[in-house]
Each structure stands twice: as C-alpha cells, then as structure tokens.
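Subject: Structure for your review

Dear colleague,

Please find below the structure that I am handing over to you. I would be grateful if you would read the notes beneath it with the structure open.

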Amino acid sequence: MTTITHHPSDALLAAYAGGSLPQPFALAVAAHISLCLDCRATYEAHLVSGGAVLEMSNTEAVSADLKSNVLDLLDAPVAAKPAYQRSGVFPGPVMEALKGKPPRWKSLGMGVRQSILSDGRDGSVRLLYIPPGRAVPDHSHNGLELTLVLQGSFSDETGRFGVGDLEVADHTLEHTPVADPGAPCICLAATDAPLRFNSFIPRLLQPFFRI
Amino acid sequence: MKQSPPQISALTASMIAVRNDRDRAAFALLFDHFAPRLKGFIMRSGTGSGQAEEIVQDVMLTVWRKAEQFDPERAQVSAWVYQITRNRQIDVIRKENKPLPEELGEDPSAEPDASQILAVEQEAGQLKDALGRLKPEQREIIEKAYMGELTHQEISTQTGLPLGTIKSRIRLGLEKLRHELKELR
Ligand SMILES: [Zn+2]
C-alpha cells in the first residue's frame, strides 16, 4: 500500500459529511475516503458531530399513527439496492458511478483517454487515462477541481501525486500536471463547472520533461 | 467514595438489541427518541411537516433494515442515524444519491467491546458539550454545515467553518477511530 500524502482539508471533509458538496466533488471525496483510513476517521468524527447536532435539535411532535405505520412496515419486503465493490483500481463509489461496468474510454489523442461519468448542472466528473510523459488534460479553471489518482502518478509544480492522493486546485493555481514514468496514470477528475477543453490541445503538445 | 462503573447508554443498548435480536421493543424505544428529533432537524431545512414525516419513516425503517451495519465500537447511534438521514434528505430533496465510501470489509463484532463503546460515547458526549458551549452564531454555522447548507463560496474558500474550537475534539475522536481502523486491516 502506498502512502497517501495529499488529503482533502478538514473543511472539505466536513462539507462532504454534511452533504453540502455537489455530486462530482462528493464522489471524489467518497472515493478518497475509500482509499484513506485517516480521512475515513475524520469523516466518521464529523458524522459524530452531525449526530450531536441532530441530538440537540428541537423536537417536533410526530403524528399519532406514524409509529404504528413504521412498526407495521418493519418486515415488508424491499428491493435491495446493489452494493458496488471495488474492482481493480476503481473504488466502490466509482464502480457505482460506472454502474458496475468497465469505463468506456474515448480517445482524446496522443494516447490520452477519458470516460465521462457525469456532466451536469452542478459540475462534471470523468476518468482520465494518461500515458507516461503526457500532460493531464486541462480542467476548466473556473472553480474548484478535485483530482484523485487511482493508478500510477502525476507531478506538477506543487508536488507528486500517487495512488490515493487528492489534488485540490482552484482557479488561482497555475499548474501543468504530467503523468510520471511507469504505469499509465488513471485519475478521477471532478469539477464544479461544465467541461471545457480550450487549452487542451496546446497542453498535450508540450514536450515531456521531468522536474 | 467508589463510583459505579459507567454504563453503555440505553440508546446504544437498544440499537445492539435491534441488530442482534431484531428486538421490536428496543426499536420502539429508538423510535420514541429519534422520531421527534428527526422531524425537528428535517423541518429546520424548510421541509414541510408531511414530507418530514415521510423522511422520518424512511430513516427509521432503514435503521431497522440496515441494523447489521451498525458498529458501536466506531459510531454512536446518533451519528449513524444522522448519516442515514442526510442521505435520505439528499435522495428526496435533490433527487440524487450521495456517493458513499466503501464499507470496510469487516462486519461489526457480535460481542462488541464495552470499554471501546464507552470510549466512543464519552468522546461524543464531550464533542456535544463543546458544541453546546459555542457562541450562538458560531454554533449556527456549524449546524448549517451539518445540515448540508454550506454555500458554494463557503466550501470553496474553506474559511466558513469555525471548526477550530471543536477541532481538538474531532482530532481525539479521530485518533481513536484511526487506531481502531488500523487494527481492523
Ligand atoms: Zn486522506
């Protein structure tokens, strides 16, 4: 197991635990927690705080028949939702987003591939496959972007990101992530803005140079 | 003077009875405790009384159906119920499934370690006290965070949470949990 050195901030974990995060970010954080015991512990501690807020809430009387309704329904049959397990490099939440199927890669040229998991009003999330030495396609830099490494690694001006590492970048960060030598880098990239590829082609054509 | 040893709370004991023995009387106790609090908690976000009760019903049924996932060595009953509630609210209000982390591979032990349960309860109690001692405006922001009402700006700037005051508590709980989790692997 490699050592994870780049984690979501405590505030981001709290926002995830509380359910404030847009879906793409929530997926990236859930996938990181699936790989990182430290953040799982922080997340569970935040659930305890959430539980305390629940305990301290003002009570509101419930209808007289709610309890008997619930008791009557206890043994009613329910359709179980499928539980998605980790498969290869993809953690459970990513498998869920893939609906249990392998990613459908689309070529972006130069050996780079992507598989869009969702692209909607509250942002986008996709898988990226980047051969060694190639640049990670530029994300839209309008808002926050979270990039979780699932295989291999990439490096940019801020450091090296290996399996399980989560890079949190906002529009103030000027960086050029490049996949390291070795296995192709597979990562999950979540943004809170719809996909844009303006600067993608120039970035792809940059020569590979190791820092 | 000799103090009697601290006891596991009635809520935790009831939840273990539901999990291990499918104990309906214990479930009824949990319902009596949580249903009015849940309804109050849900209505604070602006949900009407009728829809809030539907969510309460779904949450309590999930507590019964998923009881085998409850692990008192790691989570307080209220933390567990809180998580189920937020997921259900997101499901109903935003029509989305909140992505959840993988479950740890290990099932909770049938005979949980009482001292570990007490440690978790004590930690949670201190956290609750710390929350109760916050200035009202600080507490409001924390509550907002755990009700899922942080704005995009507050998340992006990551400065909206005055978590410093309870951070040490979270860290203590975290260390304990992390220790436990590492032993699981
Ligand atoms: Zn982490």
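The notes below take the two chains in turn and then the interface between them.

Please bear in mind throughout that this is a predicted model.

Chain A

Chain A contains both kinds of secondary structure, with six helices and nine strands. The chain has 211 residues, and 55% of them count as buried. When contacts between residues at least 6 apart in sequence are considered, 65% of those in chain A join residues at least 24 apart. The surface that chain A exposes comes to about 8900 Å², and carbon and sulfur atoms supply 55% of that area.

Chain B

Chain B, by comparison, has eight helices and zero strands. Its pattern along the sequence therefore reads α-α-α-α-α-α-α-α, with helices and strands taken as DSSP runs. Of its 185 residues, 49% count as buried. Among the contacts in chain B between residues at least 6 apart in sequence, 68% link residues at least 24 apart. Chain B has an accessible surface of about 9300 Å², with 49% of it belonging to carbon and sulfur atoms.

The interface

The size of an interface is often expressed as the accessible area that is lost when the parts come together. For chain B and chain A, the area buried between them is about 6200 Å², and 62% of it lies on carbon and sulfur atoms. In terms of residues, 69 from chain B are in contact with 63 from chain A.

Polar and charged pairs are also found here. There are 26 residue pairs in polar contact across the interface, with both residues at pLDDT 80 or more. Five salt bridges are found between chain B and chain A. One salt bridge pairs B:Glu102 with A:Arg86, and the closest N and O atoms of this pair are 3.0 Å apart.

Which elements of chain B give two or more residues to the side that touches chain A? They are α2 (24-44), α3 (49-65), α4 (77-93), α5 (114-132), α6 (136-146), α7 (152-157) and α8 (164-184) of chain B. The largest share comes from α2(B), which provides 16 residues. By type, the residues on this side of chain B comprise 37 nonpolar, 10 polar and 22 charged.

If you wish to begin with a single site, the pair B:Glu102 and A:Arg86 is one salt bridge to locate in the model.

With kind regards

How values were computed
Residues numbered from 1 in each chain as written. Chains lettered and ligands numbered in written order. Predicted model: local features only at pLDDT ≥ 70, side-chain atom pairs only at ≥ 80, totals over all residues. Heavy atoms only, no water. Helix = DSSP H or I, 4+ residues; strand = E, 2+ residues; numbered from the N terminus. Buried < 20%, exposed > 50% of the residue type's maximum accessible area, 1.4 Å probe, protein only. Contact = heavy atoms within 4.5 Å. Areas by Shrake-Rupley, 256 points an atom, 1.4 Å probe, with all protein chains shown as cover. Buried area = accessible area lost by both parts, 1.4 Å probe. Salt bridge = Lys/Arg side-chain N within 4 Å of Asp/Glu carboxyl O. Polar contact = N/O pair within 3.5 Å; in protein donor to acceptor, adjacent residues only side chain to side chain. Nonpolar A, V, L, I, M, F, W, Y, C, P; charged D, E, K, R; others polar.
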